[in-house]
Amino acid sequence: MSKKFFDVSSDTRSFPTTLLRDELIPALVGKDGNILYWAGKKIAREFVLTKDEEIAVFFKEAGWGNLERIKSKRNTQTFELSGPIIETRQKVDKSANYLLEAGFLAETIQNQIGHLAEALISSTKKSVITIIVQVDLNSSTQQEDVEENNRINLLEEHDTRF
């Protein structure tokens, strides 16, 4: 696996990300990687996105891929994650997990709408990962739990960096 891993990930310049996500982290936390879901939620509490449009910007800047909402219903939102990093990770390890991204999405949606949310990976096709965020509209969360100094505005910051 090491030769293929290096060849595939270095060809697409994603070696640092794939090395950490698909080689080191699984070695540290085990192959199922459920802790990554909770790590994603923790990241979302540290980098609070107040605008819906910021989610895709964050994913791109974090090197997680291109995120697009493809469906939105009252209590369910469906996203697709794609791009070169996803293609590379799938080539390197067909069982690569995307729980970090799912946890981040769940917590971010929860913070934005004020209802409990959980995410699950619905599909891991060759180059597209489908993530479904389910919202419990019968619940509510405490918005004051989100520290004000963790709120960021990626749209303004992103525009000025380029």
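Let me start with the hairpin, which connects β4 to β5 through 3 residues, where strands are DSSP runs of E with at least two residues and helices are runs of H or I with at least four residues, both numbered from the N terminus. What you have on the screen is a predicted model, in which local features need pLDDT of at least 70 and side-chain atom pairs count only at pLDDT 80 or more, while totals for chains, interfaces and linings use all residues. Residues are numbered from 1 along each chain as its sequence is written, and side-chain values use heavy atoms, with hydrogens and water left out.

On either side of that hairpin, β4 and β5 pair in the antiparallel sense over 7 bridges, pairing being accepted if DSSP finds at least two bridges between two strands. Within this pair, I121 has I131 of β5 as its bridge partner. β5 also runs antiparallel to β3, to which it is joined by 7 bridges, and there E80 stands opposite T130 of β5. Is β5 mostly covered or mostly open? It is mostly covered, since 6 of its 8 residues are buried, and by buried I mean under 20% relative accessible area, with exposed being over 50% and partly exposed in between, using a 1.4 Å probe and protein chains only.

That brings me to the interior. The largest nonpolar core has 28 residues, and F59 and L105 are those with the most contacts inside it; such a core is a set of buried Ala, Val, Leu, Ile, Met, Phe, Trp, Tyr and Cys residues joined through side-chain atoms within 4.5 Å. The elements giving two or more residues to this core are α3 (35-46), α4 (54-62), β3 (76-82), α5 (84-92), α6 (99-113), β4 (117-124) and β5 (128-135), and the largest share, 7 residues, comes from α6. If we leave aside neighbours within four places in sequence, L105 is in contact, meaning heavy atoms within 4.5 Å, with I55, F59, L67, F79, I131 and V133. In α4, the buried residues include I55 and F59, together with E54, V57 and F58, and just after α4, G63 takes a positive phi of about 80°.

Now to the charged pairs. A salt bridge here is a side-chain nitrogen of Lys or Arg within 4 Å of a carboxyl oxygen of Asp or Glu, and by this rule the count comes to 5. One of them joins E107 to K41, with the closest N and O atoms 3.1 Å apart, and this pair links distant parts of the chain, E107 being in helix α6 and K41 in helix α3, 66 residues apart. Both E107 and K41 are buried, and K41, R45 and E107 are linked in a network of salt bridges.

A second pair, R89 and E101, meets at 3.6 Å, N to O, and it links helix α5 with helix α6 across 12 residues. Are R89 and E101 buried or exposed? R89 counts as buried because its relative accessible area is 2%, and E101 counts as buried because its value is 1%.

By contrast, what separates K42 from E46, whose side chains meet in a salt bridge at 2.7 Å, N to O? They are about one helical turn apart, because they lie 4 residues apart in helix α3. K42 is partly exposed, at 43% relative accessible area, and E46 is partly exposed, at 36%.
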